[in-house]
Amino acid sequence: MRKSRFSEEQMVAILREADRTTVAEAAKKHKLSEQTIYSWRKHFGELAPFDVKRLRGLEAENARLKKLLAERDLDISVLKEINAKKW
């Protein structure tokens, strides 16, 4: 996936600017297409710029916890297999 030239905080700031003015003016000022602003609006909704940082942190923590849970489930399944064998 291509890296955007704008950070997520900048995207939300541009969206808030587009809320105050027209989408066409904001798009022209930041050299974007209007469709880009509409797709950002669908993705970010009504988030504030500081909420994006918090959301990114929560997503990272959620990914870490999912990884820990998967590792724990794997360990449990291995222990059950070992325990099920007759000695």
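Which residue just after helix 3 takes a positive phi? In this predicted model, the residue is Gly45, with a phi of about 60 degrees. Helix 3 itself is a good place to start.

Helix 3 spans residues 34-44. Its buried residues are Ile37, Trp40 and Phe44. They sit on the same side of helix 3, because they cover an arc of only 60 degrees around the axis. The other side of the helix carries exposed residues: Gln35 and Lys42. What covers the buried residues? Helix 1 (8-20), helix 2 (23-29) and helix 4 (49-84) are included in the cover.

Trp40 deserves a second look. Its relative accessibility is 10%, so Trp40 counts as buried, the cut-off being under 20%. Trp40 also belongs to an aromatic pair, and the structure holds one such pair. The partner ring is that of Phe6. Two values describe a pair of aromatic rings: the distance of the centres and the angle of the planes. Here the centres lie 5.7 Å apart. The planes stand at 80 degrees, so the pair is edge-to-face. The pair links distant parts of the chain. Phe6 lies in the segment before helix 1, whereas Trp40 lies in helix 3. The two are 34 residues apart. Phe6 is buried too, because its relative accessible area is 16%, and the limit for that class is under 20%.

Now turn to helix 1, where Glu17 is found. Is Glu17 buried or exposed? Glu17 is buried, because its relative accessible area is 15%. Which residues does Glu17 touch, leaving out those up to four places away in sequence? The contacts are Ala26, Lys29 and His30. Of these, Ala26 and Lys29 fall within the range of helix 2, residues 23-29.

The loop between helix 2 and helix 3 holds Lys31. Its phi is near 55 degrees. That value is positive, in a residue other than glycine. Most residues other than glycine have a negative phi. Lys31 is exposed, because its relative accessible area is 68%, and exposed means over 50%.

Back at helix 3, the picture comes together. One side holds the buried Ile37, Trp40 and Phe44, with helices 1, 2 and 4 among what covers them. Trp40 pairs edge-to-face with Phe6. The loop before helix 3 includes Lys31 with its positive phi. Just after helix 3 comes Gly45, with a positive phi of its own.

Notes
Residues numbered from 1 in each chain as written. Predicted model: local features only at pLDDT ≥ 70, side-chain atom pairs only at ≥ 80, totals over all residues. Heavy atoms only, no water. Buried < 20%, exposed > 50% of the residue type's maximum accessible area, 1.4 Å probe, protein only. Helix = DSSP H or I, 4+ residues; strand = E, 2+ residues; numbered from the N terminus. Arc of directions from axis to C-beta. Contact = heavy atoms within 4.5 Å. Phe/Tyr/Trp six-rings, centres within 6.5 Å; stacked < 30°, edge-to-face > 60°.
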